[in-house]
Amino acid sequence: MSEQQFKKIYPLFNLVCIVCIGLLIIPLSMVMHYTINEKDVLFAIHIDPYKYGSVFLYFIIAAIIINIILLFAGTLFLIWAKKKFKKINLVPEINDMDEGMSYVTYESMKQSYTWLSILFPFFTAIIFLLPDNFVTKPVVLSMLLVMCIIMYLTYYFRNRKLLN
C-alpha cells in the first residue's frame with residue numbers, strides 16, 4: 001500500500017469506526033434507564049437487556065464484539081501506517097506537508113463542513129417540530145450518526161476525486 005492509497009482509505013476507515021460505534025450506542029441507549037437523586041440513590045444506571053427480546057440482546061452483544069475487533073484491528077492498522085509512513089499525520093486538518101495535500105484537505109473539509117452547516121439546523125428543526133414523546137435519545141443519536149456518515153462520505157469522495 002502506498003501513501004496515496006492510505007490517504008484514500010483512511011477517511012473510509014474513520015467512517016466505519018463511527019458507524020460501528022453508532023451501532024453500539026443507539027441500542028444501548030434504548031435499554032438503559034438513569035436514576036438521578038431518587039431517595040437514597042444519587043446516580044444509578046439500570047440496564048434491561050431483554051426489554052426488546054433476546055434477538056435485540058444478541059445484536060448488542062454482536063455490536064460489542066465488532067467494536068472490540070475493530071478497536072484492535074484499527075490500532076494495529078494505524079501503528080503499521082505510522083511505522084511505514086513516518087511523515088504522515090492521521091488528523092486530516094494537519095495534513096499540510098506539501099501545498100498539494102493542503103489544498104486537497106482544505107477542499108475536502110470545506111465541502112464536508114458545508115453539510116454540517118446544512119444538516120445541523122435541519123435536524124434541530126426536526127427535533128423542535130416533532131412531539132416530545134417521539135424525540136428520544138435513539139432518535140437524536142441516529143440523526144447525529146446520519147450527519148456524521150454524510151460528512152465522512154462527502155470528505156471521502158471529495159478526497160478521492162482530488163487525489164486522482
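Hi everyone, let me begin with one residue: I47 is exposed, with a relative accessible area of 51%. Before I go further, please keep in mind that this is a predicted model. Exposed here means over 50% relative accessible area, so I47 falls in that class at 51%.

Where does I47 sit? Its place is in strand 2. Across from I47 on the neighbouring strand, the bridge partner is M32. That brings us to the hairpin. Strand 1, residues 32-38, and strand 2, residues 41-47, run antiparallel to one another and pair over 6 bridges. Another bridge you can look for joins H33 to H46 in strand 2. There are 2 residues between the strands of this hairpin, and K39 takes a positive phi near 60°.

Now, staying with I47, let me show you its company on the surface. I47 belongs to a nonpolar patch together with Y34, I36, L42, F43 and I45, and the accessible area of the patch comes to about 630 Å². Both strands take part, with strand 1 and strand 2 each giving at least two residues to the patch. Which strand gives the largest share of the nonpolar patch? That would be strand 2, with 4 residues.

Let's move from the surface to the inside. The largest nonpolar core has 9 residues: F6, Y10, F13, C17, C20, L70, F77, A81 and F85. Helix 1, residues 3-31, and helix 2, residues 54-84, each contribute at least two residues to this core. Helix 1 makes the largest contribution, with 5 residues. If you want a single residue to click on, try L70. Setting aside residues up to four places away in sequence, L70 touches F13, V16, C17, C20 and T75. There is also another core lying apart from the one I just described; it has 5 residues, and F123, M143, M147 and M151 are among them.

Next, two isoleucines on those first two helices. I60 has its place in helix 2. Is I60 buried or exposed? At 6% relative accessibility, I60 counts as buried, because the cut-off for buried is under 20%. What is I60 in contact with, leaving aside neighbours within four places in sequence? The list is L24, P27, L28 and V31. In contrast to those contacts, take Q5: I60 and Q5 are 55 residues apart in sequence and 33 Å apart in space, C-alpha to C-alpha.

The other isoleucine is I25, and its place is in helix 1. I25 counts as partly exposed, at 40% relative accessibility. For a sense of distance along the chain, I25 and S2 are 23 residues apart in sequence, and their C-alpha atoms are 34 Å apart in space.

My last stop is N159. You will find N159 in helix 4, residues 137-163. How buried is it? N159 has a relative accessible area of 2%, so it counts as buried. As for what surrounds N159, leaving aside neighbours within four places in sequence, it is in contact with K7, P11, M101, V104 and S108.

So, to look back over the tour: we started at exposed I47, went through the paired strands and the nonpolar patch, then visited the core of 9 residues, and ended at buried N159. Thanks for listening, and I'm happy to pull any of these residues up on the screen.

Conventions:
Residues numbered from 1 in each chain as written. Predicted model: local features only at pLDDT ≥ 70, side-chain atom pairs only at ≥ 80, totals over all residues. Heavy atoms only, no water. Core = buried A, V, L, I, M, F, W, Y, C linked by side-chain atoms within 4.5 Å. Buried < 20%, exposed > 50% of the residue type's maximum accessible area, 1.4 Å probe, protein only. Contact = heavy atoms within 4.5 Å. Pairing = 2+ DSSP bridges. Patch = residues over 30% accessible without salt bridge, like charges linked within 9 Å, V, L, I, M, F, W, Y side chains within 5 Å. Areas by Shrake-Rupley, 256 points an atom, 1.4 Å probe, with all protein chains shown as cover. Salt bridge = Lys/Arg side-chain N within 4 Å of Asp/Glu carboxyl O.
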